[in-house]
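Here is a walk through one protein model, written for someone who is new to reading structures. Keep the picture open while you read, and look up each part as we get there.

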Amino acid sequence: MNCKTRTLALFIGVLAAWGGKATAQQVTGTLGSPSATSTIPGNQLPAPSPAFGGTIKNDALQSKPWWAPRVVPPKSAPNVLLIITDDAGFGVPSTFGGVIPTPAMDRIANEGLRYNRVFSTALCSPTRAALITGRNHHSAGFGVISEQSTGFPGYNSIIARDKATIGRMLKDNGYSTAWFGKDHNVPAFAASQVGPFDQWPIGMGFEYFYGFIGGDANQWQPNLFRNTTQIFPFQGKEGQWNLVTAMADDAIDYMTRMHQTDPSKPLFIKYAPGATHAPHHPTKEWVEKIRAMKLFDDGYEKLRERIFANQKRLGVIPPDTKLAPWPDKMLTPWDKLTADEKKLFIRQVEIFAAYAAYSDHEIGRVIQHFQDLGRLDNTLVIYINGDNGTSAEGGPLGTPNEVAFFNGLNKLPAEVQLKWYDVWGTEMTYNHMSAGWSWAFDTPFSWFKQNASALGGINQNMVVSWPARMKDKGALRQQFVHVIDVVPTILEAAGLKAPTIVDGIKQKPIEGTSFLYTFDAGNFNAPERHKTQYFEMMGQWALYDDGWFLSTKVNRAPWEAFGPANPNPLNKQVLELYNLNEDFSQTQDLAAQYPAKVKAMKAKFIAEAKKHQVFPMDASVAARIVAPRPNITAGRSEFVYTRPMIGLPQGDSPLLLNTSYTVTADIEVPANGAEGMILTSGGRFGGYGFYLLKGKPVWLWNLVDLERLKWEGAYALPPGRHTIEFDFKYDGLGAGTLAFNDFSGVGRPGVGTLKVDGKVVDTKPMPRTLPMILQWDESFDIGSDTLTGVNDADYKPPFALTAKLNKLSVKLDRPQLSPADIQRLQAAMKAKD
């Protein structure tokens, strides 16, 4: 066999091992040499190892080595920068008529295409699960955010192994893959250091991760991770360090390292800043820039009108688009507000706008670095504005502390909030703005994030560029696109196919449709290929079908999360029908004119819902936050710790809400006395602390930064061994009532008692308790306090314990419903139906 024949035989052997066809693969170099590369068919990931192609004799000198070719994507495969911002409606960016300057988004629009019919799921992690898997959010287990997950396939917040992510697909085809910023797809019950880490970025095909786990984060002091290790680069840099800049810096550093190491290897980067999800945390520089522009002094209705006019002028909405009336029964018109409210609201929105502008600026730095590396020409940039509509979770009045909203406090008077006026947006607030601004930022649509049946909750916008491919620069595309369409688009752009088997597991089909066809100038007005799409979020649902839109009438504002839920969300609804081909902004209800179409589309929605794991449908919101989950505390009532530790997340730590509990610390005080944190969970915006303050034992509850209740010993502990105990007797039925659509068991009062060496040193009632959640981006820490403290007046973190900790125990005595309680709750629930 001559050399040429042997090489061909080896090539065919490699193809056979990889299950491919000769015409489908690209090989460079001589097979068997260290420099050889090859594409793979991609139907099976990872690709099977090819058979050894060398020769093996008894000695090495008579043998011939052979290296398997290095896997690479097709030669034309682009770099991919996938950007998704947070909680931003259609009218936020200047690119689509907004007043907030977004030059980075403008740049991509001018170099590529604008899309005005891009759809999300109406909520954070559901959209993000759909985005990275190419499957609908219920199909991917994310019918709601992980913090609301329940034990049903469509709602368990687990991306199953038969739904590999785009990161995994690209990595196994030869890409470098990285994820920066927000990751809201780690189950809340799998976020601790015991793992498992298969649902973290590094377990889903992303080789590098720099960001935070969960729905949001304090941008000044975030719960920040590099891969799976928590890091604290902001320590000692108070007011000088911000994650928005830091993640851009880290992305640029990563890109540079990858490029310098192997310039030929394409990059895939998912870039997901926390902006503009609350808390809104821009730097002072950006606040001053926006304030000087005086964009909001005439109020939210005028802002809405101005954005609407800009959108028509830019041509990003049809010229006949209508604007629905202002919802003055829900959101007080600007001219009816008090002077204090106007002052406060303007401050709130300037901070939000500064946050959006700041984030876009840092995104621009990342885009520019692709150009600086000489890579931008062959980089596919997909920049999606918002994973849902603008958030209204601050309520009509806004809030200095979003943790308060999630505990049912969303109507703080303006005069109370003005206490935080001068520090709004700094590390002293977990701030959100008035929902009036949120409504305006969703122009030309109505409603907000969470509202899956209203375009204000789901109709995003997007810009896409690929200089080497796109010729129709600056143009508009109006075809229907959903976030599930991004994965197949990236695959098609890279010349890859979705795998059928990953790690030996047969894969579920991709449910999205590639929109690569829209990149061609000749297809600017081509028929859309994604024809039908269902929507559902917390009992509000809709169906898009070839331009028609069947939707449930919005029956709950996002801040109305604590009442009884609709027990029959499929049928106990008012249905509306819109022809979006002629009514861009969903303003003309045609249901009465086309009852047969309403009936047919509802039947089609039910079929889609069954297909994609939407059932059982659940309209509850806050109640699901405290639903039982399979975390490491499930089934346990006693927890023992013998050494300091930090970083145990809320979803994996003992929960002291809606229960009786006893916390006992066995410590040894040295000769010179002791102070420091024994146990804390939460932080400045909600939580508790058990600590020694100038030697005195203290238990403190921080009730969402509005009130602090303290139990304290009268004297400093003398040197020696001591037992300190805090015992709390809860006076309520507990979270079990929520299973009956009843909130009466949560947030109830109780009595706390602090003991030292068996003797009571302080006891007092606690008239109210937190019903739902502590500050979720802060952890359960023993022996010191990470990030923010629960009481700035007493100490500053880390406040390390200087006594020796021998043992810390936490015992829970959760309330149990009696048969009589259950009978009463069942009767009450039935009466509400």
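Let's start with helix H3, which covers residues 124-133 and is mostly covered: 10 of its 10 residues are buried. Those buried residues are Cys124, Ser125, Pro126, Thr127, Arg128, Ala129, Ala130, Leu131, Ile132 and Thr133. Right after H3 comes Gly134, with a positive phi near 75°.

Before going further, a word on trust. This is a predicted model, and its mean pLDDT is 95, with 97% of the residues at 70 or more. The stretch to be careful with is residues 1-11, where the pLDDT is below 50. Beyond near neighbours in sequence, that stretch makes 12 contacts in the model.

**Two helices that cross**

Now find helix H6 (residues 284-293) and helix H8 (residues 339-372). They pack at an angle of about 115°, and their axes are 8 Å apart. The crossing of H6 past H8 is right-handed. Which residues of H6 meet H8? They are Trp286, Val287, Ile290 and Arg291. On the H8 side, the partners are Arg347, Glu350, Ile351, Ala353, Ala354, Ala357, Tyr358 and His361. Sorted by class, this contact has eight nonpolar, one polar and three charged residues.

As background for reading such a list, an α-helix has 3.6 residues a turn, so residues three or four places apart point the same way.

**The nonpolar cores**

H8 turns up again inside the protein. The largest nonpolar core holds 183 residues, and Tyr271, Phe441 and Trp701 touch the most other members. H8 gives the most to this core, with 16 residues.

Zoom in on Tyr271. Not counting residues up to four places away in sequence, Tyr271 touches Leu81, Leu82, Ile83, Ile84, Phe180, Val244, Met247, Ala248, Ala251, Glu362, Ile363 and Val366. Apart from this core lies another one, of 52 residues, including Ile159, Trp179, Ile490 and Leu516.

**Around strands E27 and E29**

Next, look for Trp699, which sits in strand E27. Is Trp699 buried or exposed? Its relative accessible area is 0%, so Trp699 is buried. Trp699 and Trp711 are 12 residues apart in sequence, while their C-alpha atoms are 5.1 Å apart in space. Leaving aside neighbours within four places in sequence, Trp699 is in contact with Leu656, Tyr661, Val663, Tyr688, Gly689, Phe690, Leu709, Lys710, Trp711 and Phe726.

A little further along is Asp705, in the loop between strand E27 (696-703) and strand E28 (707-712). Asp705 counts as buried because its relative accessible area is 14%, and the cut-off for buried is under 20%. With neighbours within four places set aside, the contacts of Asp705 are Asn401, Trp420, Met428, Arg684 and Phe685.

Thr723 is in strand E29. At 35% relative accessibility, Thr723 counts as partly exposed. Thr723 and Glu668 lie 55 residues apart along the chain, yet 8.8 Å separates their C-alpha atoms. Outside its neighbours within four places in sequence, Thr723 is in contact with Thr664, Ala665, Lys755, Val756 and Asp757.

**Odd backbone spots in loops**

Finally, have a look at some backbone angles. This table lists two cis peptide bonds.

| Peptide bond | Geometry | Omega |
|---|---|---|
| Phe615 to Pro616 | cis | near 5° |
| Pro797 to Pro798 | cis | near 15° |

Where is Pro616 found? Look in the loop between helix H14 (595-611) and strand E22 (638-641). Pro798 is in the loop between strand E32 (780-782) and strand E33 (804-813).

That loop between E32 and E33 also contains Leu787. Leu787 isn't a glycine, but its phi is positive, about 55°. Leu787 is buried too, with a relative accessible area of 8%.

Asn741 is another non-glycine residue with a positive phi, in this case about 60°. You can find Asn741 in the loop between strand E29 (720-730) and strand E30 (750-756). Buried or exposed, what does Asn741 count as? At 15% relative accessibility, Asn741 counts as buried.

Notes
Residues numbered from 1 in each chain as written. Predicted model: local features only at pLDDT ≥ 70, side-chain atom pairs only at ≥ 80, totals over all residues. Heavy atoms only, no water. Axes fitted to C-alpha atoms, helices over the stretch in contact; angles between N-to-C directions. Helix = DSSP H or I, 4+ residues; strand = E, 2+ residues; numbered from the N terminus. Left-handed = near helix turned anticlockwise from the far one by under 90°. Contact = heavy atoms within 4.5 Å. Nonpolar A, V, L, I, M, F, W, Y, C, P; charged D, E, K, R; others polar. Core = buried A, V, L, I, M, F, W, Y, C linked by side-chain atoms within 4.5 Å. Buried < 20%, exposed > 50% of the residue type's maximum accessible area, 1.4 Å probe, protein only. pLDDT = per-residue confidence, 0-100.
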